[in-house]
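Here's a walk through one model, starting with a pair of helices and working outwards. Keep the viewer open and follow along.

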Amino acid sequence: MRLLPIAPLLVLILALLAGCATVTKVETGEQAVGARLVVSLEGPWNRIDAPGMGPAQVWTMEGLPVDQLLVYPGIKNGELVHASTGGSAKTFAFRSSMQPHEIVAMFEGMMTRDGSQFKLARLEPASFGGGKGFRFEYSVTRRSDSALLSGVAYGVVSEGELYAMLYHAPRLTFFPRHRGRVEQMARSAQLRAADAAALKASSGGGKRDCMRNPVTGMWTGC
Amino acid sequence: MPARFARPAPETDEGGLWAIMDREERRLRRSPFALRDAKLRAYVQEIACKLAGEHCPDVRVHLVRAPLFNASMAPNGMMQVWTGLMLRVDNEAQLAAVLGHEIGHFLQRHTLERLRDAKARSAFGQFIGLFGVVGALAQVGALAGMFAFGQEHEREADTIGTTLMRNAGYDPNEAWKVWANLVLEIRARPGGESASPLFATHPPAAERQEALIALARDAAGGATNEAAWGEHVAPYRHEWLTEEVKRGVPEESLALLTRLKERSPKVAAYAWARGEVYRLRAGEDDLDRALEDYRAALAAGGEPPEAHRGIGLVHRTRRQAAEAKASFARYLEAAPQAPDFAMIKSYLEELSL
């Protein structure tokens, strides 16, 4: 019997349980995500890092798998938008020539690789990162637990690279609770010029501390 | 045909298995993945009942939204029929071939033997997963229903299924076509059959197809009820095709959609869906092929509004403003409630600058 690749989210959870994942606090205020994307946060987030994760930074307020913010800090042409699982599993890669519709279809494919269901509620033009981007709202029925999630996402293609953020959470409580800060974060997003980003990167990164989630109590003492 | 099964004693392994399946069935009834259409469910239930004969009261059909080829029958009588299977069969007889095969496993109680084998191999969780809510999806992909059991059990179920089809008045000659159509998709995958380990551990595709042809030879004739089938599934065709396009396996989808399009050239939705797959794959010449398919959908008439959007998107990619504008305008006119209305409207404005 063939086993399909385990969903990246499951890998993350297993990594957390195995103690090989780290949780760090993303502080309030201006934060650089990758080389060019800068966002301003009205409150702190938890950032999850684990081996074998995809190109997006994974942030959460409530803890995985409750809610998830994927931040894509510049995906290059041909690069996968999820962790590479090897074998003959289907993959979804970004192409610089993609229009917003195709980018949404790519993310939809990524989110339904495990049999979850996705429904697009709205796709519209929106400014993101200081550029002419797009915004979409969606719902997901998660296969693993049949949970109904709502989501909102922003994206822009700049200099052939994809910058995007996707947030989804259970639709009744958690999505309404955090939607405002996600929208605020998206509105604050700016892209530095490529040469300025290179200069900033050469000057070193900032300090990050662990954080205890006040609601779930997950991932303390990391 | 064996007599109806009594519920096994709860302290036996079979009784425990029934209890687990009862729980899964309760979950399935509540699941958002359940397709709750009383008319369609009753129609499929009736087909299952014709096949199951006196076991009909024990068979409970559940339609499941999942874009893969699969049907399964648990030992307690819970039968799952996935929408991906319903998209792929051409008529009632082909669906009956798959359901008859699953009822064959049920009548021979193959699941119980498999349970004992799974316990011996410490694979119990994987086994139970096959029958859970959309259970097999993450485990065996598109071929769950056809490979769930060992070689001998599959052959036996094929034989019983053919007999049940004949008894119910269906043409058994449709059974091998289901298999052949499925193999067509598998062979279209990058790597072909060798990419599927299932082919290595089960009767070769050609052998199984030949066996089904031989079984039908002795019992030729019977109904296919293609018109009735088409009428019942037509309201769902666009939704199921949309799910197929989203699967992200363009080679398999193209094999399926090419077959469906050639079989029913007047159904605009098949041409549209294949055009979508080409557009999203965007390989060499794919945008030309997409345009050709979208135009075929328009020529067939009754095309989904998304065919106009597809034409517009291809022309926008190629910076052909006039053609893109005309198609986007038609899309917005045909689909004023579309979720991407604002985005397309912005394209129109941008193209008018």
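In this predicted model, helix α18 (residues 306-317) of chain B packs against helix α19 (residues 321-334) of chain B at an angle of about 155°, and their axes are 8 Å apart. An angle over 145 degrees counts as roughly antiparallel. That is why α18(B) is called roughly antiparallel to α19(B). As for handedness, α18(B) passes α19(B) in a left-handed crossing.

Which residues make that contact? On the α18(B) side they are H308(B), R309(B), I311(B), G312(B), H315(B) and R316(B). Helix α19(B) answers with E323(B), A324(B), S327(B), F328(B), R330(B), Y331(B) and A334(B). Sorted by class, this contact has five nonpolar, four polar and four charged residues.

One of those α19(B) residues, A324(B), comes up again when you look at L351(B). L351(B) sits in helix α20 (residues 341-352) of chain B. Setting aside its neighbours within four places in sequence, L351(B) is in contact with A321(B), A324(B) and K325(B). Is L351(B) buried or exposed? Something in between: it has 19 C-beta neighbours inside 10 Å, so it counts as partly exposed. If you want a sense of distance, pick A38(B), which is 313 residues away from L351(B) along the chain; their C-alpha atoms are separated by 46 Å.

Now for a second helix pair. Helix α2 (residues 38-52) of chain B and helix α4 (residues 92-107) of chain B pack at an angle of about 55°, with 9 Å between their axes. That angle makes α2(B) oblique to α4(B), and the crossing of the two is right-handed. From α2(B), the contact uses I47(B), A48(B), L51(B) and A52(B). From α4(B), it uses E92(B), L95(B), A96(B), L99(B), G100(B) and I103(B). The class split here is eight nonpolar, one polar and one charged.

Zooming out, the domain assignment divides chain B into domain 1 (13-224) and domain 2 (235-352). How many residues of each are in contact with the other domain? Twelve from domain 1 of chain B meet eleven from domain 2 of chain B. On the domain 1 side, α3 (83-88) and α10 (175-188) of chain B each supply at least two of the residues that touch domain 2. That side of domain 1 of chain B is made up of six nonpolar, two polar and four charged residues.

Two chain B residues have backbone angles worth a click. N225(B) has a positive phi of about 55° although it is not a glycine. Its place is in the loop between α12 (205-217) and α13 (226-233) of chain B. N225(B) counts as buried because 20 other C-beta atoms lie within 10 Å. A282(B) isn't a glycine either, and its phi is also positive, at about 55°. You'll find A282(B) in the loop between α16 (268-281) and α17 (286-300) of chain B. With 16 C-beta neighbours inside 10 Å, A282(B) is classed as partly exposed.

Over in chain A, there's a peptide bond to check. What kind of peptide bond joins L64(A) and P65(A)? A cis one, with omega at about 5°. P65(A) lies in the loop between β5 (57-60) and β6 (68-75) of chain A.

Here are the two chains as wholes. The last column gives, for contacts in each chain between residues at least 6 apart in sequence, the share that joins residues at least 24 apart.

| Chain | Secondary structure | Buried residues | Contacts at least 24 apart |
|---|---|---|---|
| Chain A | four helices, eleven strands | 41% of 222 residues | 53% |
| Chain B | 20 helices, three strands | 47% of 353 residues | 64% |

To pull the chain B threads together, revisit the helix pairs with the crossings in mind: left-handed for α18(B) and α19(B), right-handed for α2(B) and α4(B). Then step to the loops that hold N225(B) and A282(B), and end in chain A at the cis bond between L64(A) and P65(A).

Notes. Residues numbered from 1 in each chain as written. Chains lettered and ligands numbered in written order. Predicted model: local features only at pLDDT ≥ 70, side-chain atom pairs only at ≥ 80, totals over all residues. Domains from an automatic or database assignment. Contact = placed C-beta atoms within 7 Å. Nonpolar A, V, L, I, M, F, W, Y, C, P; charged D, E, K, R; others polar. Buried ≥ 20, exposed ≤ 12 C-beta atoms within 10 Å, placed from the backbone. Axes fitted to C-alpha atoms, helices over the stretch in contact; angles between N-to-C directions. Parallel < 35°, antiparallel > 145°, perpendicular 65-115°, else oblique. Left-handed = near helix turned anticlockwise from the far one by under 90°.
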